[in-house]
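Here is a short report on one protein chain. Please look over the sequence and the structure first.

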Amino acid sequence: HLVVDYAQSLAQMIAAGRYDEVNSDINDRNFPIQGNGRIELDAELIHFNRYISSDEALKELDRLDYRAGTAEELLAFGVAYPEKQREFPIVALGTVRRMSGVRRVLCLWRDRSERDLDLFWFGNGWDEDCRFLAVRK
């Protein structure tokens, strides 16, 4: 269960997550808030248990009647379940931004004991330990 408050700025959403490291490209210019009001939703972490491309993951989510989680939903997840990213990377394929000619997506990542909010290339594949934030259509 997540609460996404679109009245918050991106900086406020990030600060609420209390991440140890945040990629400096995750900012209001590159990731403007997309939504209004305050919504509650149920999200799930989908595990494909195999190496998978972003495009293939999106097709699989659609086949399962899910849509990919957005950046705002991922940030709300990081606040609600801060320890989950220590177990495995959590990816939001629902918000893709082109930066320096490369498509990027947000990911809750772990680096040793740290909790990081980072960007990864949409065009790269995802290891079998990754989970994908998803919302039922």
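Pro82 is partly exposed, with a relative accessible area of 29%. In this predicted model, Pro82 sits in the loop between H3 and S7. Which residues does Pro82 contact, leaving aside its neighbours within four places in sequence? They are Phe77 and Arg115. Arg104 is 22 residues from Pro82 along the chain, and the two C-alpha atoms are separated by 22 Å.

**Helix H3**

Phe77, one of the contacts of Pro82, belongs to the buried residues of H3. Helix H3 covers residues 71–80 and is mostly covered. Eight of its 10 residues are buried. Among them are the acidic pair Glu72 and Glu73, which count as negative. Leu74, Leu75 and Gly78 are buried as well. Ala71 and Ala76 complete the list.

**Helix H2**

How are the buried residues of H2 arranged around its axis? H2 spans residues 54–63, and its buried residues are Ser54, Ala57, Glu60 and Leu61. Seen down the helix axis, they fall within an arc of 120°, so they line one face of H2. An α-helix has 3.6 residues a turn, so residues three or four places apart point the same way. The face of H2 turned away from the buried side carries Lys59 and Arg63, both exposed.

The buried residues of H2 pack against several strands. Strand S4 (43–46), strand S5 (52–53) and strand S6 (66–68) are among them. So are strand S7 (90–99), strand S10 (125–126) and strand S11 (131–136). After H2 comes Asp65, with a positive phi near 70°.

**Positive phi in loops**

Most residues other than glycine have a negative phi. Arg18 and Ser100 are listed below with their positive phi values. Neither residue is a glycine.

| Residue | Phi | Loop | Relative accessible area |
|---|---|---|---|
| Arg18 | about 50° | between helix H1 (10–17) and strand S2 (21–22) | 72% |
| Ser100 | near 55° | between S7 and strand S8 (102–111) | 81% |

Are these two residues buried or exposed? Arg18 counts as exposed at 72% relative accessibility, and Ser100 is exposed at 81%. The cut-off for exposed is over 50%.

**The whole chain**

The protein chain has three helices and 11 strands. Along the sequence, the order is β-α-β-β-β-β-α-β-α-β-β-β-β-β.

What does the radius of gyration say about the chain? For 137 residues, a compact globule would have a value near 14 Å. The protein chain has 14 Å, so it agrees with that expectation. Along the principal axes, the C-alpha atoms fill a box of roughly 35 × 30 × 30 Å.

Buried residues make up 43% of the 137 residues. Contacts across the sequence can be counted too. Among contacts with a separation of 6 or more, 69% join residues 24 or more positions apart.

The protein chain exposes about 7200 Å². Carbon and sulfur atoms supply 44% of that area. The chain carries 19 positive and 24 negative charges. The mean positions of the two sets are 3 Å apart.

Terms used. Residues are numbered from 1 along each chain as its sequence is written. This is a predicted model: local features need pLDDT of at least 70, side-chain atom pairs count only at pLDDT 80 or more; totals for chains, interfaces and linings use all residues. Side-chain values use heavy atoms; hydrogens and water are left out. Helices (H or I, at least four residues) and strands (E, at least two) are DSSP runs, numbered from the N terminus. The radius of gyration is taken over C-alpha atoms; the globule rule is 2.2 Å times the number of residues to the power 0.38. Buried means under 20% relative accessible area, exposed over 50%, partly exposed in between (1.4 Å probe, protein chains only). Contact means heavy atoms within 4.5 Å. Accessible areas come from the Shrake-Rupley method with a 1.4 Å probe; for residues, only the protein chains shown count as cover. The place of a charge is taken as NZ of Lys, CZ of Arg, CG of Asp or CD of Glu. The arc is that of the directions from the helix axis to the C-beta atoms.
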